[in-house]
Amino acid sequence: ARAQIGVTGLAVMGSNIARNFARHGHTVALHNRSVAKTDALIAEHGDEGDFVRTESVDEFVAALQRPRRVLIMVKAGDATDAVIEELAAAMEPGDIIIDGGNALYTDTIRREASLRERGLHFVGAGISGGEEGALNGPSIMPGGPKESYESLGPLLESVAAVVDGVPCCTHIGPDGAGHFVKMVHNGIEYADMQLIGEAYHLFRDALGYDAAQIAAVFGEWNTGDLESYLIEITAEVLSQVDANTGQPLVDVIVDAAEQKGTGRWTVKSALDLGVPVTGIAEAVFARALSGSRAQRQAAKGLASGVLGDKPTDAAQFTEDIRQALYASKIVAYAQGFDQIRAGSVEYDWDLTPGDMATIWRGGCIIRARFLNRIKEAYDNNPELTSLIVEPYFKDAIETAIDSWRRVVVTATQLGIPVPAFASSLSYYDGLRAERLPAALTQGQRDFFGAHTYERTDRPGKFHTLWSGDRSEVEA
Ligand code: NBP
């Protein structure tokens with residue numbers, strides 16, 4: 001047995017990460033359900049490093065040095081359970097199974113518990129960066145037992161992206177912690193993409209810019225505070241011209257966004273945890289709305305009730321959109337980090353939020369200059385209550401606030417939907433409000449359900465005898 005790591009599941013992600021390991025000098029055992037993918041990988045890239053071709057699971061497991069380390073990169077869900085079962089039957093106590101797929105973190109918790117009983121280590125590792133990241137350096141979020149990271153960490157860190165000499169990989173926390181933070185990462189990615197989409201919509205419909213003009217603005221933005229992978233690829237997508245029609249490609253793509261489910265998972269988890277991730281939720285719903293073809297067809301031609309004119313100062317409105325995007329992005333991250341903290345408490349994971357900011361700086365889809373600021377914020381104060389009160393972000397929002405409001409007002413007057421910009425602003429206004437209408441909600445709840453309320457002037461729980469003499473009693 002000579003392989004340091006085995007990879008099973010050699011579709012695009014698995015084969016790229018196997019090549020990444022091999023390019024870093026590791027001997028990699030290869031396995032796939034259908035041997036054709038294994039052979040294709042060896043035929044096309046066998047010269048990139050030392051690969052061990054295997055056909056059966058037994059042969060695959062026998063090719064590995066102990067403790068054996070196997071990375072599973074198959075379709076998330078039932079396939080993962082099937083592969084784990086086959087591997088576990090062939091492996092021995094102390095061996096490590098890593099699931100690098102997009103597993104739901106509760107599945108990871110279940111799998112970890114069941115494999116622990118059998119003496120095997122199970123590491124649910126979130127891997128971000130798509131196929132390019134898998135090959136050239138992804139951001140890796142491994143959970144599972146801390147001991148397994150001792151043997152696994154150096155191997156994973158050797159293939160991860162590196163920023164300022166720091167690998168974008170660290171032990172996140174026990175059992176499902178790695179897949180949980182990967183899920184929240186994907187939720188933030190949804191919010192970020194939606195915000196960029198809303199900015200594009202405003203350029204198109206409020207300023208009348210064509211795709212090439214908008215691409216130029218995003219290209220320019222990518223040299224400043226907004227510098228990020230998503231802004232960069234936005235400029236590239238908007239610049240692409242369709243070979244068939246000569247039109248900008250974006251103008252011939254059907255405007256119905258699909259989703260694979262990680263954004264939805266993030267919102268479901270946030271609902272359970274009671275964390276208001278409004279930006280992520282609006283992003284998930286905006287995709288759903290775009291795909292509501294029957295309703296959109298039926299709603300065509302409904303009254304627009306447009307008030308006011310399009311902005312006349314394009315330079316000013318462009319800067320307003322940039323500021324609104326930045327402020328809303330701060331809110332989306334603040335909400336995501338709140339969810340990470342809440343998950344940590346709920347599952348007793350003892351997560352360090354600053355670690356996420358560090359390992360998301362490179363390799364992953366949401367990599368951005370901005371994450372350095374979040375890392376600094378958590379370095380300065382690991383117990384930070386919310387990103388929006390940290391001095392740098394507080395100042396950034398103060399600078400942006402007028403622009404942010406102008407963008408939401410203008411969009412509303414023109415009938416351009418901006419659910420993520422608007423809900424992020426409402427979240428901000430909600431958090432900073434002196435008095436929220438929740439007092440009235442509590443009164444209503446007490447009226448119809450005797451749910452009680454607290455008072456501003458003395459401790460305790462109280463109930464008004466609404467159907468009696470309306471005097472107040474202590475509950
Ligand atoms: P896919 O998600 O398309 O899965 C294809 C692989 O799963 C093939 O190797 C296939 O084997 C194997 N497989 C299936 Br399907 N059912 C199986 C079963 N019952 N037993 C054994 N093997 C089975 O591959 P991918 O796009 O490379 O993604 C791999 C994982 O990485 C997924 O969990 C994905 O969510 C995650 N991920 C993907 C990206 C991305 O950008 N694509 C990014 C981050 C994470 P076969 O060749 O024999 O059919």
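Here are four short exercises with worked solutions on this predicted model. As for confidence, the mean pLDDT of the protein is 97, with 100% of its residues at 70 or more. The predictor puts the ipTM of the complex at 0.98 and its pTM at 0.96.

**Exercise 1: the cysteines**

Work out how many disulfides the structure holds, and where Cys168 and Cys364 stand.

Solution.
- Start with the bond itself: a disulfide covalently joins the sulfur atoms of two cysteines.
- Next, look around Cys168: its nearest cysteine sulfur belongs to Cys364 and is 7.2 Å away.
- Now hold that against the cut-off, which asks for sulfurs within 2.5 Å. At 7.2 Å, Cys168 is in no disulfide.
- Turn it round and Cys364 tells a matching story: the nearest sulfur is that of Cys168, and Cys364 is in no disulfide either.
- Check the surroundings too. Cys168 has a relative accessible area of 0%, so it is buried. Cys364 also comes out at 0%, and therefore counts as buried.
- The tally for the structure is 0 disulfides.

**Exercise 2: rings around Phe370**

Find which aromatic rings pair with Phe370, and describe the geometry of each pair.

Solution.
- Two numbers do the job here, since a ring pair is described by the distance of the centres and the angle of the planes.
- Take Tyr333 to begin with: its ring centre is 4.8 Å from that of Phe370, and the planes meet at 70°, an edge-to-face pair.
- Place the two on the chain. Tyr333 belongs to helix 14 (residues 314–347) and Phe370 to helix 16 (residues 370–380), so this pair links distant parts of the chain, 37 residues apart.
- Then go to Phe393: here the centres are 5.5 Å apart and the planes are at 65°, so this pair is edge-to-face as well.
- Phe393 sits in helix 17 (residues 391–414), 23 residues from Phe370, and this pair too links distant parts of the chain.
- Ask about accessibility: Tyr333 is buried at 0%, Phe370 at 1% and Phe393 at 0%.
- Finally, widen the view. Ring pairs tie Tyr326, Tyr333, Phe370, Tyr392 and Phe393 into a cluster, and the structure has 17 aromatic pairs in total.

**Exercise 3: charges over rings**

Which charged residues lie over the rings of Phe370 and Tyr190?

Solution.
- Stay with Phe370 for a moment: the charged end of Lys329 sits over its ring, 5.3 Å from the centre.
- Move on to Tyr190, where Arg287 lies over the face, 3.7 Å from the ring centre.

**Exercise 4: strand 1 and its neighbours**

Trace what surrounds strand 1, and say whether the crossover to strand 2 is right-handed or left-handed.

Solution.
- Sort the side chains by face. In a regular strand they alternate between the two faces of the sheet.
- In strand 1 (residues 5–8), Ile5 and Val7 are on one side, Gly6 and Thr8 on the other, and all are buried, which leaves both faces covered.
- Count bridges to strand 2 (residues 28–31): there are 4, and the two strands run parallel. Within this pairing, Ile5 has Val28 as its bridge partner.
- Follow the chain between these strands. From strand 1 it passes through helix 1 (residues 12–23) to strand 2, making a right-handed β-α-β crossover.
- Look at strand 4 (residues 69–72) as well: 3 bridges join it to strand 1, again in parallel. There, Gly6 stands opposite Val70.

How values were computed: Residues are numbered from 1 along each chain as its sequence is written. This is a predicted model: local features need pLDDT of at least 70, side-chain atom pairs count only at pLDDT 80 or more; totals for chains, interfaces and linings use all residues. Side-chain values use heavy atoms; hydrogens and water are left out. Buried means under 20% relative accessible area, exposed over 50%, partly exposed in between (1.4 Å probe, protein chains only). Rings of Phe, Tyr and Trp (its six-membered ring) pair if their centres lie within 6.5 Å; planes under 30 degrees apart count as stacked, over 60 as edge-to-face and the rest as tilted. A charge sits over a ring if NZ of Lys or CZ of Arg is within 6 Å of the ring centre and within 35 degrees of the ring normal. Two strands pair if DSSP finds at least two bridges between them. A crossover is right-handed if, with the strands pointing away from the viewer, the path from the first strand over the helix to the second runs clockwise. pLDDT is the predictor's confidence in each residue, from 0 to 100.
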